[in-house]
Amino acid sequence: MEQKLMKGNEAVAEAAIRAGCKFYAGYPITPQTELPEYLAKNMEKAGGVFLQAESEISAINMIYDAA
């Protein structure tokens with residue numbers, strides 16, 4: 001198994017992908033900016049979809065729609 005040094009938010013994002021997360025809609029704000037950055041780069045490679053919303057409300061509406 002390959003070992004990789006990651007920041008905490010990157011580790012959370014990678015764990016979500018490995019756990020089967022296929023959709024993420026979010027609004028990047030500090031301190032979680034690293035999480036959507038990582039997902040934007042890696043979600044499509046894992047067969048998922050990443051959407052950056054224009055506000056917190058639009059992000060939650062995207063998630064409601066996806067559900």
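Lys-7 is partly exposed, with a relative accessible area of 47%. Keep in mind that this is a predicted model. Let's start with the partner that Lys-7 holds on to, then move through helix 1 and finish at a greasy spot on the surface. Lys-7 sits in the segment before helix 1, and its side chain meets that of Glu-34 in a salt bridge.

**Salt bridges**

- The count of salt bridges comes to two.
- In the bridge between Lys-7 and Glu-34, the N to O distance is 3.4 Å.
- This pair ties together distant parts of the chain, since Glu-34 belongs to helix 2 (residues 34-42) while Lys-7 comes before helix 1 (8-18), and the two are 27 residues apart.
- Glu-34 has 27% relative accessibility, so it counts as partly exposed.
- The other bridge joins the side chains of Arg-18 and Glu-14, with 2.9 Å from N to O.
- What separates Arg-18 and Glu-14 along helix 1? They are four residues apart, which means about one helical turn lies between them.

**Buried or exposed in that second pair?**

- Arg-18 has a relative accessible area of 65%, so it is exposed.
- Glu-14 counts as buried because its relative accessibility is 18%, and the cut-off for buried is under 20%.
- Put the two together and you have a salt bridge with an exposed Arg-18 and a buried Glu-14.

**The two sides of helix 1**

- Which residues of helix 1 are buried? They are Asn-9, Ala-13, Glu-14 and Ile-17.
- Look down the axis of helix 1 and these buried residues fall within an arc of 135°, so they line one face of the helix.
- What do the buried residues of helix 1 pack against? They pack against helix 2.
- Now flip to the face turned away from the buried side of helix 1: here you'll find the exposed residues Gly-8 and Arg-18.
- After helix 1 comes Gly-20, and its phi is positive, near 110°.

**A nonpolar patch on the surface**

- Four residues, Ile-57, Ile-60, Ile-63 and Tyr-64, make a nonpolar surface patch of about 410 Å².
- One of them, Ile-57, lies in helix 3, which covers residues 56-66.
- Is Ile-57 buried or exposed? Its relative accessibility is 59%, so Ile-57 counts as exposed, given that exposed means over 50%.

Methods. Residues numbered from 1 in each chain as written. Predicted model: local features only at pLDDT ≥ 70, side-chain atom pairs only at ≥ 80, totals over all residues. Heavy atoms only, no water. Buried < 20%, exposed > 50% of the residue type's maximum accessible area, 1.4 Å probe, protein only. Arc of directions from axis to C-beta. Contact = heavy atoms within 4.5 Å. Patch = residues over 30% accessible without salt bridge, like charges linked within 9 Å, V, L, I, M, F, W, Y side chains within 5 Å. Areas by Shrake-Rupley, 256 points an atom, 1.4 Å probe, with all protein chains shown as cover.
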